[in-house]
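Q: I have a model open and want to read its sheet and its pocket. Where do we begin?

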Amino acid sequence: MQNVVLQSSVAFAQTSLKPELGFINGMAIANRYADPDVESRHAAKLTICDVSCLSRFAIKGPAAADTLKAKGVELPASANSWSRHDETLVMRLGSSEFLLEDPIGVQQCKGLSEQLQSGDGVHVVLRNDASFILSGELLDELLAQVCAIDLSGPMLADNRLAMTSIAGVSVIVLRQEVAGQSLMRLWCDGTFGVYLWETLLDIIKELGGGPVGFNQFFNSN
């Protein structure tokens with residue numbers, strides 16, 4: 001019996017770029033599109049990276065916070081903010097909805113998925129997010145073209161996140177550091193992933209940037 005290999009929701013849009021593929025959490029992911037020096041220049045100027053392969057867990061409901069606390073998860077204190085529980089990213093979307101995401105090698109989300117199920121006061125949400133990294137010195141110029149609100153100032157400071165619209169698509173966005181580089185994280189419904197990837201990449205190329213693979217920010221080996 002063959003193992004099933006998952007595909008990123010934006011894999012179709014990446015095929016013509018002929019990426020070098022890797023496999024993370026059972027999903028084929030673009031590890032590299034070009035020579036490392038080229039990708040480093042893109043990352044410095046303006047880039048997009050598909051990180052949809054990272055494991056996530058979502059739960060909501062009036063008892064969601066207490067349920068996660070009972071499992072030892074430290075939560076952000078306020079709505080629309082994020083924090084770290086060990087290495088896991090914990091996002092509080094409103095007051096009673098949470099989205100968690102693990103880095104490579106961490107299985108907090110997998111454990112919660114196996115231990116928790118919907119019940120009184122909680123609903124475990126099945127998500128199929130497209131998830132991207134946006135980075136580079138021209139990032140704010142890109143965002144000014146695709147988002148009606150200013151994401152360059154205090155809106156995302158102090159571990160705050162925003163649920164807004166980029167290029168007409170509802171997204172969650174926050175700023176963080178990965179591998180010592182300040183960048184933006186973005187999540188959207190996977191059904192809009194191809195459209196958002198293509199729209200952002202077209203503008204990125206117009207501004208002199210380009211895509212980078214997963215290995216630019218994470219070591220998948």
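Q: Which residue in strand 8 does Phe 57 stand opposite?
A: First the general idea. Strands of a sheet pair through backbone hydrogen bonds, either parallel or antiparallel. Here, in this predicted model, Phe 57 faces Leu 100 of strand 8.

Q: In which sense do strand 5 and strand 8 pair, and over how many bridges?
A: The sense is antiparallel, over five bridges. Strand 8 covers residues 97-101. Strand 5 covers residues 56-60.

Q: How many bridges does strand 5 form with strand 9?
A: Three, again in the antiparallel sense. Strand 9 is residues 123-125. Look at Lys 60: His 123 of strand 9 stands opposite.

Q: Why is strand 5 largely enclosed?
A: Count its buried residues, taking buried as under 20% relative accessible area. Four of the five residues in strand 5 are buried, so the rest of the structure largely encloses this strand.

Q: In what order do the strands of the open sheet run?
A: Read across it: 6-7-8-5-9. That makes five strands, with antiparallel pairing.
A strand at an edge is read by its partners. Strand 6 (81-85) and strand 9 each have a single partner strand, so one side of each lacks a neighbour in the sheet. On average, neighbouring strands of this sheet are turned by 20 degrees against each other, direction ignored.

Q: What joins strand 6 to strand 7?
A: Five bridges, and the two run antiparallel. Strand 7 spans residues 88-93. For one bridge, take Ser 83: its partner in strand 7 is Val 90.

Q: Which strands does helix 4 touch as it packs on the sheet?
A: Strand 5, strand 6, strand 7 and strand 8. Helix 4 is residues 108-115. Its direction makes about 45 degrees with that of strand 5.

Q: Now the empty space. What volume does the largest pocket have?
A: The general idea: rolling a probe the size of a water molecule over the atoms shows where empty space is left. In this case the largest pocket has a volume of about 630 Å³. It is lined by 29 residues, and the closest to its centre are Cys 53, Leu 54, Ser 55, Arg 56 and Arg 127.

Q: Which element supplies the largest share of that lining?
A: Helix 4, with four residues. Strand 1 (6-7), strand 5, helix 4 and strand 9 each give at least two.

Q: How many residues of each class does the lining have?
A: The lining of the largest pocket holds 13 nonpolar, 10 polar and six charged residues.

Methods. Residues are numbered from 1 along each chain as its sequence is written. This is a predicted model: local features need pLDDT of at least 70, side-chain atom pairs count only at pLDDT 80 or more; totals for chains, interfaces and linings use all residues. Side-chain values use heavy atoms; hydrogens and water are left out. Buried means under 20% relative accessible area, exposed over 50%, partly exposed in between (1.4 Å probe, protein chains only). Two strands pair if DSSP finds at least two bridges between them. Axes are lines fitted to C-alpha atoms, for helices over the stretch in contact, and angles run from 0 to 180 degrees between N-to-C directions. Contact means heavy atoms within 4.5 Å. On a 1 Å grid over the protein atoms alone, a cavity is a set of points where a 1.4 Å probe fits but cannot get out, and a pocket is an open set with protein on both sides within 12 Å along at least five of seven lines; lining residues have an atom within 4 Å of a point. Grid points are joined across faces, edges and corners, and a volume is the space filled by probe spheres set on the points. Ala, Val, Leu, Ile, Met, Phe, Trp, Tyr, Cys and Pro count as nonpolar, Asp, Glu, Lys and Arg as charged, and the others, Gly among them, as polar.
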